[in-house]
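This briefing is intended for a first-year student who has the sequence and the three-dimensional view at hand. Please keep both open while reading the points below.

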Amino acid sequence: MNFIKLQTLSLSRKIICRKTLHINVLCSMLNHGSSQVHTTASINKQEIISEALVKEISKLSATVKLLKLEIKDDKFSFKAGQWVDMFIPGVPVVGGFSICSPPHLLQASRMLHLAIKYSNHPPAHWAHTQCKVGDSLHLRAGGKFVYDPDPVTPCSDLVLIAGGVGINPLFCILHHFLHVHNLQRDSNLKGTSKVVLLYSAQSPDELIFLNELLLLSENYDNVTIKFFSTKERVKEDHFITNGRIHYQVLESILKDTGLTKGQVYICGPLSFIETMQVYSKDAGFSKDCIFIERWW
């Protein structure tokens, strides 16, 4: 009996030591930080840093992996469009990744999804080369790129413009828009809001979430989606075309859908964002209705 107690006590001490060590590492990363921590220091973030367990890993494309994470702290929450700071044991740099799953998935199942593109940046490199099911890490949500409509007021029309993995927060926003729209429809709230998504990538293989987006477009009359392949030539059809997103394309789609006002959300490389901002203003959207998420 004493031997069992000693074993249990020894195991408990090891667990406490590991947790203490991990907390110390987190504090060190927060205090001394990384470019992610310093760059986003002035942006609102949650106080809660939650443990997250890797439950599933899959490949979305040759360069993008999807991590499905179980959030352990019930108080952890986020708004559609936000990102997380990612604290990885053994990686001295804090990662920053936009959340691609909607808030209602977290509420229903405590799950959160991140689609991470390969790079030599230590957190992204870890996700592609070392991360495995069962790994534990910590997350903190933040960001001012937020879509948070009043559930009892008809949603504004939306224009979502994505470049590359800039689709991540917009995929989250699209799902949240449809979730709120469904709740309002079930409550007999009048008004049918529309959403337009323009999504460009270098090739069709890099259009992550392609099949899911096509399905949404088929199932919802108020969703219009157009894909663009900027480098690899494709056989054009109703959904996909070759080349970049030009102003004439945006103007034509807005005219076809009858979407003349609302909110615009843009995410992608800096030059892409700047160009799409100009197009959006030229299309008649006011500056205070255009929201952007820059990559640092």
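Strand E1 (residues 50-59) and strand E6 run antiparallel and are joined by four bridges. Strands pair here if DSSP finds at least two bridges between them, and helices (H or I, at least four residues) and strands (E, at least two) are DSSP runs numbered from the N terminus. The model is a predicted one, in which local features need pLDDT of at least 70 and side-chain atom pairs count only at pLDDT 80 or more, whereas totals for chains, interfaces and linings use all residues. Residues are numbered from 1 along each chain as its sequence is written, and side-chain values use heavy atoms, with hydrogens and water left out.

**Strand E6 and its partners**

- Within the pairing of E1 and E6, leucine 53 has serine 136 of E6 as its bridge partner.
- Strand E3 (residues 83-87) also runs antiparallel to E6, and five bridges join the two.
- In E6, histidine 138 stands opposite phenylalanine 87.
- Strand E6 (residues 136-142) is largely enclosed by the rest of the structure, because six of its seven residues are buried. Buried means under 20% relative accessible area, exposed means over 50%, and partly exposed lies in between (1.4 Å probe, protein chains only).

**Strand E7 and its partners**

- Strand E7 (residues 158-163) has six of six residues buried, so it is largely enclosed by the rest of the structure.
- On one side of E7 lie Leu158, Leu160 and Ala162, and on the other Val159, Ile161 and Gly163; all are buried, and both faces are thus covered.
- Strand E8 (residues 195-201) pairs with E7 in the parallel sense over six bridges, and leucine 197 in E8 stands opposite leucine 160.
- Strand E11 (residues 263-267) pairs with E7 in the parallel sense over five bridges, and cysteine 267 in E11 is the bridge partner of alanine 162.

**Nonpolar cores**

- In soluble globular proteins, nonpolar side chains tend to be buried together.
- A nonpolar core is a set of buried Ala, Val, Leu, Ile, Met, Phe, Trp, Tyr and Cys residues joined through side-chain atoms within 4.5 Å.
- The largest nonpolar core has 62 residues, of which Leu139 and Leu213 touch the most other members. Helix H5 (residues 167-186) provides the largest share of this core, nine residues.
- Another core, of 19 residues, lies apart from it and includes Ile161, Phe228, Leu259 and Met276.
- Neighbours within four places in sequence aside, leucine 139 is in contact with residues including Ile48, Ile49, Leu69, Ile71, Phe76, Val84 and Leu112. Contact means heavy atoms within 4.5 Å.

**Salt bridges**

- Side chains of opposite charge can pair when their charged atoms come close.
- Eight salt bridges are found in a search of the whole structure; a salt bridge is a side-chain nitrogen of Lys or Arg within 4 Å of a carboxyl oxygen of Asp or Glu.
- Lysine 79 and aspartate 148 form a salt bridge through their side chains (3.5 Å, N to O). This pair links distant parts of the chain, 69 residues apart: lysine 79 is in the loop between strand E2 (64-71) and E3, and aspartate 148 is in the loop between E6 and E7.
- Lysine 79 is partly exposed at 41% relative accessible area, and aspartate 148 is partly exposed at 47%.
- Lysine 132 and aspartate 135 also meet in a salt bridge (3.0 Å, N to O), in which aspartate 135 is buried, with a relative accessible area of 13%.
- Lys55, Glu70 and Lys72 are joined into one network by salt bridges that share partners. Between lysine 72 and glutamate 70, the closest N and O atoms are 3.8 Å apart.

**A buried histidine**

- Histidine 113 lies in strand E5 (residues 111-117), and its relative accessible area of 16% makes it buried.
- Residues up to four places away in sequence not counted, histidine 113 touches Leu66, Leu67, Lys68, Ile99, Cys100, Ser101 and Leu105.
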